[in-house]
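I opened this notebook page to record one strand, its partners and a cavity beside them. The entries follow the order in which I looked things up.

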Amino acid sequence: MMPHKQNQYLYESLRKKHTCFHFISTDIQIDIVEVRIKQHFRLENGPDFYPEMRITFNKHLTADKLPVFPILEQLAFQIGMVEMISYWKTACPPKVMIHHQKLDDQQIAFWKKLYYNGLGEFFHINSIQTDLVSFLKIECIGERLPPQNVIQNNSSDSTIIPIGGGKDSIVSLELLKASGLNCVPFVVNPSPATRASIRNAGIPDDDAIFFYRTLDKEMLRLNAEGYLNGHTPFSSLLAFSTLLASAWSGIQDVALSNEASANEATIPGTNINHQYSKSIEFENDFRNYVRDFMPVRTNYFSLLRPLNEIQIAGIFSLFDRHHSDFRSCNVGSKQNRWCGNCPKCLFTWLMLAPFLDHDKLIGIFGKDLEEDENLSATLLQLAGLDDEKPFECVGTISEVQAAISTINKKRSKKGQLFKGIKNPEIRNPEIFLQEFNKEHNLTEDYEKIIRKAIEDINV
């Protein structure tokens, strides 16, 4: 179980010292090579923050297609509303004051829900007791209203695909590429793994969209001084960033790679979910927010929502050219490696093991994870034999148990790691290969692509 920090007193004392968080402005600068979006935040009785996002021009994002300024400003402001979460959480002021834009009551309700649920893990790990009503009040003193005209995207043969460097987005990229669609990868802060995903799919870098996000060092300084810190809903930042990319490029469809298991709570019996901003609940809320309030008609959906993690791993196993370069390990991401010791590494191993040879897995991860008894506690968490799942983007307990059952059937010798697993309630692993989650936002054409991919999986 992850150790919890007893920070209720710190939370309350910081809220008394810093009673308000100010969103001062959104500044947009355009030159011959890029657009720079700089947000200005101020923590009352604390520092100012200036996080920045840079967007380089390319074949999809050209200067002549840049949205008119009122629309560009509105979309940049929405990115700022998500970016603010990382800075607000340092002290959790009870009030947010927006100086330069206007939100109505429905919009404020959307943002409060995103902040509260997106920070569910943060509150839990810090042992902070609060509620949706009292934790935050949002007020607007700006009078600038959203533009009334709406961008009608007109590119129907292209799809924007956010790429993270892991197996899921690679599956989306390869399936849509094979279907004949023009795939436009989208990356925030490209890494060796994301660039490899794009390259191995046969797509040149200049056909991808890159956003570059920079955090303000003042926030990092506060963290070092003992202010509050923890997980934020990064995927919601991705959502609003792709909204700007969609409006600018004219490409309507944005295909995420969030699977059905992202809907499962990390803490059983609660709404605390490490993957909240990857869940169908957030996806539906975001789609409704775009429809009701945004000046662009973007179709944001998760292509892999009908699938479970075992199915995704089975499809990924068919794309051998990606096996050496993909990365899902957060611990080793900066070194472009698998650490071999974290929940993401073990979970990814478990999902791929039913489909790949044992030696191939060792070659990918650099060691035999099934013989590493130091991972025993992590396996118990993944398999539902502890009070909490790991706070990582991992699949459901039943998926893990089914993978263990399949591995044990394949292996002539049981790995040391699995000897600590006592009588988990294993569902028939083959059932997972035929599942199709009907709670999704796929159009008929995209659904056909996914159903065909399920038929191609082999164990």
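The entries below concern a predicted model.

Entry 1, the strand. I began with β4, which spans residues 52–56. I asked which residues form its covered face, and found Met 53 and Ile 55. On the uncovered face I noted Glu 52, Arg 54 and Thr 56.

Entry 2, pairing with β2. I then looked up how β4 is joined to β2, residues 34–43. The two strands run antiparallel, and I recorded five bridges between them. For Ile 37 I looked up the bridge partner in β4, which is Met 53.

Entry 3, pairing with β9. I turned to β9, residues 209–214, which also runs antiparallel to β4. Here I recorded four bridges. Which residue of β9 stands opposite Ile 55? I found Phe 211 in that position.

Entry 4, the cavity. I asked how many cavities of 30 Å³ or more the structure holds, and the result was two. I followed up the second largest, whose volume is about 50 Å³. Its lining consists of Ile 37, Gln 39, Pro 51, Glu 52, Met 53, Ile 79 and Glu 83. Both members of the bridge pair from Entry 2, Ile 37 and Met 53, are therefore listed in my notes again, as lining residues.

Entry 5, origin and class of the lining. I noted that β2, β4 and α2 (69–88) each supply at least two residues of this lining. By class, I recorded four nonpolar, one polar and two charged residues.

Conventions
Residues numbered from 1 in each chain as written. Predicted model: local features only at pLDDT ≥ 70, side-chain atom pairs only at ≥ 80, totals over all residues. Heavy atoms only, no water. Buried < 20%, exposed > 50% of the residue type's maximum accessible area, 1.4 Å probe, protein only. Pairing = 2+ DSSP bridges. 1 Å grid on protein atoms, 1.4 Å probe; cavity = no way out; pocket = protein on both sides within 12 Å on 5 of 7 lines; lining within 4 Å. Points joined across faces, edges and corners; volume = space filled by probe spheres on them. Nonpolar A, V, L, I, M, F, W, Y, C, P; charged D, E, K, R; others polar.
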